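Q: Please take a close look at the site around the ligand in this model. Which residues form the shell, and what contacts do they make?

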Amino acid sequence: MAEKVDERPKVETKARTERPRLYKVTLLNDDFTPRDFVVAVLMAVFRMTEAEALGVMLTAHRKGACVVAVYTREVAETKCKQANDAGREQGYPLAFTMEQEE
Ligand code: TYC
């Protein structure tokens with residue numbers, strides 16, 4: 001006679017309701033990086049249109065800083081590094097920072 005086989009899954013699944021932490025990337029103004037270069041970096045790294053990039057660059061230029069976008073941690077880290085490296089390669093002090101969103 002066939003034995004009864006327990007076919008219930010042995011691993012319990014747990015609903016994942018927590019959202020990933022998000023990080024805000026901010027562009028800081030400085031007196032040396034050319035405006036066109038800032039716009040080019042925003043377009044290349046943060047996939048902005050020229051109009052969007054111009055708006056963000058001008059806000060940082062006038063107010064001292066401008067939030068660029070919000071990402072998960074790895075994406076924010078990668079984009080900040082790419083953008084900061086691009087400035088450093090040209091000898092500019094261009095700076096993007098990231099901080100966890102509340
Ligand atoms: N202030 C720079 C200039 O006058 C341009 C600039 C804008 C640099 C925004 C950085 O985040 C920045 N050349």
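A: Start with the make-up of the shell. By class, five residues around the ligand are nonpolar, three are polar and two are charged. This is a predicted model.

Now the names. The nonpolar residues of the shell are Leu27, Leu28, Val38, Met57 and Ala60. Asn29, Thr33 and His61 are its polar residues. Asp30 and Arg35 carry the charged class.

Next, the polar contacts. Asn29 places a polar side-chain atom 2.8 Å from a nitrogen atom of the ligand. His61 also has a polar side-chain atom 2.8 Å from a nitrogen atom of the ligand. Asp30 takes part through its backbone: a polar backbone atom lies 2.7 Å from a ligand nitrogen. Each of these pairs falls within the 3.5 Å cut-off for a polar contact.

How much of the ligand does the protein bury? Alone, the ligand exposes 350 Å², and the protein buries 89% of that. The space that the ligand takes is the largest pocket.

Which elements build the shell? Strand S1 (22-28), helix H1 (35-46) and helix H2 (50-63) each give two or more residues. H2 supplies the largest share, with three residues. Those are Met57, Ala60 and His61. S1 gives Leu27 and Leu28. H1 gives Arg35 and Val38. Asn29, Asp30 and Thr33 have numbers that fall between S1 and H1.

One more feature, found in helix H3 (residues 73-89), is a pairing of Arg73 and Glu77. Side chains of opposite charge can pair when their charged atoms come close. Arg73 and Glu77 form a salt bridge, with their closest N and O atoms 3.1 Å apart. Because the two residues are four apart in H3, about one helical turn separates them. The structure holds four salt bridges, this one among them.

Methods
Residues numbered from 1 in each chain as written. Predicted model: local features only at pLDDT ≥ 70, side-chain atom pairs only at ≥ 80, totals over all residues. Heavy atoms only, no water. Near = heavy atom within 4 Å. Polar contact = N/O pair within 3.5 Å; in protein donor to acceptor, adjacent residues only side chain to side chain. Areas by Shrake-Rupley, 256 points an atom, 1.4 Å probe, with all protein chains shown as cover. 1 Å grid on protein atoms, 1.4 Å probe; cavity = no way out; pocket = protein on both sides within 12 Å on 5 of 7 lines; lining within 4 Å. Sits in = over half its atoms within 2 Å of the grid points. Salt bridge = Lys/Arg side-chain N within 4 Å of Asp/Glu carboxyl O.
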